[in-house]
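Let's take a walk through this model, one piece at a time. Have the structure open beside you and follow along.

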Amino acid sequence: MLEPRYVDTREAAERLTPLVAAGFAPKALEAGDVQFPEAGGGVVLIECKRLYQYVADMQTGQLIRQARKLAGAADYPWLLLQDP
């Protein structure tokens, strides 16, 4: 049986809809945007950011707060930078 995979309910529809269609369950996550189990039993959390969000969050301190939450909640925390 597959372990649960989650996508944060606060994600934009353009990211949420395809992940739900791929089998991710919507859930309000305390950290990260996507959560799934690693083959060895650990937890993977991914925080997705556009480049402008990354820069803005660095300036406000939001990025540090999110990074601390990710590191505390996952065995494998990832920050994914996206931009066209």
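Start with Lys 49, which is buried because its relative accessible area is just 4%; buried here means under 20% relative accessible area, exposed means over 50%, and partly exposed is what falls in between, with a 1.4 Å probe and protein chains only. Before going further, know that this is a predicted model, in which local features need pLDDT of at least 70 and side-chain atom pairs count only at pLDDT 80 or more, while totals for chains, interfaces and linings use all residues. Residues are numbered from 1 along each chain as its sequence is written, and side-chain values use heavy atoms, leaving out hydrogens and water.

Lys 49 has a salt-bridge partner in Glu 47, at 3.6 Å from N to O. A salt bridge, for our purposes, is a side-chain nitrogen of Lys or Arg within 4 Å of a carboxyl oxygen of Asp or Glu. Glu 47 also counts as buried, because its relative accessibility is 7%. Elsewhere, salt bridges with shared partners link Glu 11, Arg 15 and Asp 33 into one network. Within that network, the side chains of Glu 11 and Arg 15 meet at 2.8 Å, N to O, and both of these residues are buried. Asp 8 and Arg 10 make another salt bridge, with their closest N and O atoms 2.7 Å apart. Here the two ends differ in cover: Asp 8 is buried because its relative accessible area is 2%, whereas Arg 10 counts as exposed because its relative accessibility is 59%. The count of salt bridges comes to six.

Back to Glu 47, which belongs to strand 4, residues 43-50. Strands (E, at least two residues) and helices (H or I, at least four) are DSSP runs, numbered from the N terminus. How many of the eight residues of strand 4 are buried? Six are, so the strand is mostly covered, given that buried means under 20% relative accessible area. Glu 47 itself touches Gly 32, Asp 33, Gln 66, Leu 70, Trp 78, Leu 79 and Leu 80, leaving aside residues up to four places away in sequence. Contact, by the way, means heavy atoms within 4.5 Å.

Now zoom out to the sheet. Five strands make up an open sheet with mixed pairing, in the order 2-1-3-4-5; two strands pair if DSSP finds at least two bridges between them. Strand 2 (25-27) and strand 5 sit at the edges, each pairing on one side only. On average, neighbouring strands are turned by 25° against each other, direction ignored. In general, strands of a sheet pair through backbone hydrogen bonds, either parallel or antiparallel.

Which way do strand 3 and strand 4 run relative to each other? They are antiparallel, and four bridges join strand 3 (residues 34-37) to strand 4. Val 34 has Ile 46 as its bridge partner in strand 4, and Gln 35 has Leu 45. The hairpin of these two strands has five residues between the strands, and in it Gly 41 takes a positive phi near 105°. On the other side of the story, strand 4 and strand 5 run parallel and are joined by seven bridges. There Glu 47 stands opposite Leu 79 of strand 5.

Next come the helices. Helix 1 (residues 13-21) lies across strands 1, 2, 3, 4 and 5, running at about 165° to strand 1 (6-8). Helix 2 lies across strand 4 and strand 5, at about 95° to strand 4. These angles run from 0 to 180 degrees between N-to-C directions, with axes being lines fitted to C-alpha atoms, for helices over the stretch in contact.

Helix 2 holds Asp 57, which counts as buried because its relative accessibility is 15%. Asp 57 touches Lys 49, Gln 62, Leu 63 and Gln 66, not counting residues up to four places away in sequence, which brings us back to the lysine we started with. Val 55 is in helix 2 too, but it counts as partly exposed because its relative accessibility is 40%.
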